[in-house]
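Thank you all for coming. I would like to take a few minutes on one model, so please have the structure open as I talk.

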Amino acid sequence: MIVGDGSDRLRAQLEAGELISLVERAKVLDPPRVPFIFMRMWVVINHKDQETMSMNSLLSEIYRTGIVTSAEGEEIQAFPAGVDRQLAEALYRLVRESKAKRTLEIGMAYGISSLAICQGLKDNGGGWHVAIDPNQSIGYKSIGKLNLQRIDFADSFELYEEPSHLALPDLLRQGRTFDLVFIDGMHMFDYVILDFFYTLRLVPVGGYIFMDDICYPGLKSAFAFICRNFKNIVSSVMITGRFCILQKIGEDNRDWQYYKPFESFFSEDD
Ligand SMILES: C[S@@+](CC[C@H](N)C(=O)[O-])C[C@H]1O[C@@H](n2cnc3c(N)ncnc32)[C@H](O)[C@@H]1O
């Protein structure tokens, strides 16, 4: 099983937004479903020492000041749009430990998550990053793109400046695959389900799906749906009150009428 399915304790922890450690989860999950890599990663990202953000000086500076800068020198608040430091570290570590080469993110904004992912690719010896964001030029003044230029990653980066429901089918049609997909775009239930649907087809078995903001109502329901209905297809390897990391463990071979109700995954008053 993935999360839930008879585990009241896990469900309560999820509702409370508590961090669920792999050690606890390993008692509930099939041990083979918890890759060793994440046992190590868990230790690394929970280590109190915050040295990991020194992985990238621009990112360190953004976390120190809370500011990103446009091409014209305008200073803009990077948060709350950008991911927090813990998530950026988890992204970086995931890219590094999984030795990812091709990554995709849905929702780039000022490029905070992009910086963590792309620094990981650089430190892996190189790679290719694709970002999807319909608002990059106007809403975010192209600062996400600019930040990747600032770390010399512009030549290994591709932007789809359109909504994910248009860009993802294109990528699929092109036969593209990604070792890791980070979902942080539109936060409504239907959009997230679409993002997950296409992501599952863009990630090979063994690849990773990282979802931010699973505490938001739309994402929380989408996550409950995924946990209930995709338990043989994705395995949850890390969950915090804010984000989750899933690994694709098999192809989608559900029966055509397969469906597991998920509304009761969280308590009634959610
Ligand atoms: C929370 S922000 C992403 C933050 C970014 N990951 C970071 O760390 O800086 C959400 C992003 O989703 C983008 N977005 C909104 N609707 C979208 C859609 N339909 N498809 C893809 N991205 C979308 C927004 O333009 C915004 O950049």
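I will begin with the basis of the model, then turn to a pair of helices, and finish with the surroundings of the ligand.

This is a predicted model, in which local features need pLDDT of at least 70 and side-chain atom pairs count only at pLDDT 80 or more, while totals for chains, interfaces and linings use all residues. Residues are numbered from 1 along each chain as its sequence is written.

Let me start with α5, residues 85-97, which packs with α6 at an angle of about 25 degrees, their axes being 8 Å apart; helices here are DSSP runs of H or I with at least four residues, numbered from the N terminus, and axes are lines fitted to C-alpha atoms over the stretch in contact, with angles running from 0 to 180 degrees between N-to-C directions. The two helices, α5 and α6, are therefore roughly parallel to each other, a term that covers angles under 35 degrees. On the α5 side, Ala88, Leu91, Tyr92, Val95 and Arg96 meet residues of α6 that include Ile112, Ala116 and Leu121, where contact requires C-beta atoms, placed from the backbone, to lie within 7 Å.

In helix α7, residues 143-150, the buried residues are Ile143, Gly144, Lys145, Asn147 and Leu148, buried meaning that 20 or more other C-beta atoms, placed from the backbone, lie within 10 Å of the residue's own. Following α7 comes Asp152, with a positive phi near 60 degrees.

Which residues come nearest to the ligand? Of the 23 around the ligand, they are Gly107, Ala109, Asn135, Pro163 and Gly185, where being near means a C-beta atom, placed from the backbone, within 6 Å.

Definitions and conventions
Buried ≥ 20, exposed ≤ 12 C-beta atoms within 10 Å, placed from the backbone. Parallel < 35°, antiparallel > 145°, perpendicular 65-115°, else oblique. Contact = placed C-beta atoms within 7 Å.
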